[in-house]
Amino acid sequence: MPIAHGADGLPIGVQLVGPAYSDRTLLVMAEHLAPLLGGTAEGVIAPRSG
């Protein structure tokens with residue numbers, strides 16, 4: 001999950017890791033963490049349908 005850019009312009013990111021089949025939980029975590037880290041979850045989380 002991209003969170004910033006370094007002085008050299010390269011992206012800095014964090015990796016969220018969980019147990020098998022915890023994708024939904026990790027996506028919710030990314031959605032909540034992104035604004036706290038100064039970014040957005042756009043491009044990380046697919047738009048909700050319906």
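**Figure 1. Tyr-21 in the loop between S2 and H1.** Tyr-21 counts as exposed because its relative accessibility, 83%, is over the 50% cut-off. The model shown here and in the other views is predicted. The backbone of Tyr-21 has a phi near 65 degrees, a positive value in a residue other than glycine. The loop that holds Tyr-21 joins strand S2 to helix H1.

**Figure 2. The hairpin of S1 and S2.** Strand S1 covers residues 2-5 and strand S2 covers residues 11-13. The two strands run antiparallel and are joined by 3 bridges. Pro-2 is placed opposite Gly-13 of S2. Between the strands of the hairpin there are 5 residues. Gly-9 lies in this turn and has a positive phi of about 85 degrees. In a regular strand, side chains alternate between the two faces of the sheet.

**Figure 3. Leu-26 of helix H1 and its contacts.** Leu-26 lies in H1. With a relative accessibility of 17%, Leu-26 is classed as buried, because the value is under 20%. Leaving aside residues up to four places away in sequence, Leu-26 touches Leu-16, Val-17 and Gly-18. Leu-16 and Leu-26 are 10 residues apart along the chain, and their C-alpha atoms are separated by 6.6 Å.

**Figure 4. Met-29 of helix H1 with Leu-16.** Met-29 is found in H1. Its relative accessible area is 38%, so Met-29 is partly exposed, between the cut-offs of 20% and 50%. Along the chain, Met-29 and Leu-16 are 13 residues apart. Their C-alpha atoms are separated by 8.3 Å.

**Figure 5. Leu-33 of helix H1 with Met-1 and Leu-16.** Leu-33 is another residue found in H1. Leu-33 counts as partly exposed because its relative accessibility of 28% falls between 20% and 50%. When residues up to four places away in sequence are not counted, Leu-33 touches both Met-1 and Leu-16. Met-1 and Leu-33 are 32 residues apart along the chain. A separation of 9.7 Å is found between the C-alpha atoms of these two residues.

**Figure 6. Ala-34 of helix H1 with Met-1.** Ala-34 lies in H1. At 3% relative accessibility, under the 20% cut-off, Ala-34 is therefore buried. The C-alpha atoms of Ala-34 and Met-1 are separated by 8.2 Å, and the two residues are 33 apart along the chain.

**Figure 7. A nonpolar surface patch of Val-14, Leu-36 and Leu-37.** The three residues of the patch together have about 270 Å² of accessible area. Leu-36 is found in helix H1, which covers residues 23-36. Leu-36 is exposed because its relative accessible area, 71%, is over 50%.

**Figure 8. Overview of the protein chain, with 1 helix and 2 strands.** From the N terminus on, the elements run β-β-α. The chain has 50 residues, of which 12% count as buried. Its accessible surface comes to about 4,200 Å², and carbon and sulfur atoms account for 60% of that surface. Of the contacts between residues at least 6 apart in sequence, 18% join residues at least 24 apart.

**Figure 9. Confidence of the prediction, given as pLDDT.** The mean pLDDT of the protein chain is 79. A value of 70 or more is reached by 76% of the residues. Among the elements, H1 has the highest mean pLDDT, 87, and S1 has the lowest, 78. Where pLDDT is low, the predicted coordinates should not be read in detail.

Technical notes
Residues numbered from 1 in each chain as written. Predicted model: local features only at pLDDT ≥ 70, side-chain atom pairs only at ≥ 80, totals over all residues. Heavy atoms only, no water. Helix = DSSP H or I, 4+ residues; strand = E, 2+ residues; numbered from the N terminus. Buried < 20%, exposed > 50% of the residue type's maximum accessible area, 1.4 Å probe, protein only. Contact = heavy atoms within 4.5 Å. Areas by Shrake-Rupley, 256 points an atom, 1.4 Å probe, with all protein chains shown as cover. Patch = residues over 30% accessible without salt bridge, like charges linked within 9 Å, V, L, I, M, F, W, Y side chains within 5 Å. Salt bridge = Lys/Arg side-chain N within 4 Å of Asp/Glu carboxyl O. Pairing = 2+ DSSP bridges. pLDDT = per-residue confidence, 0-100.
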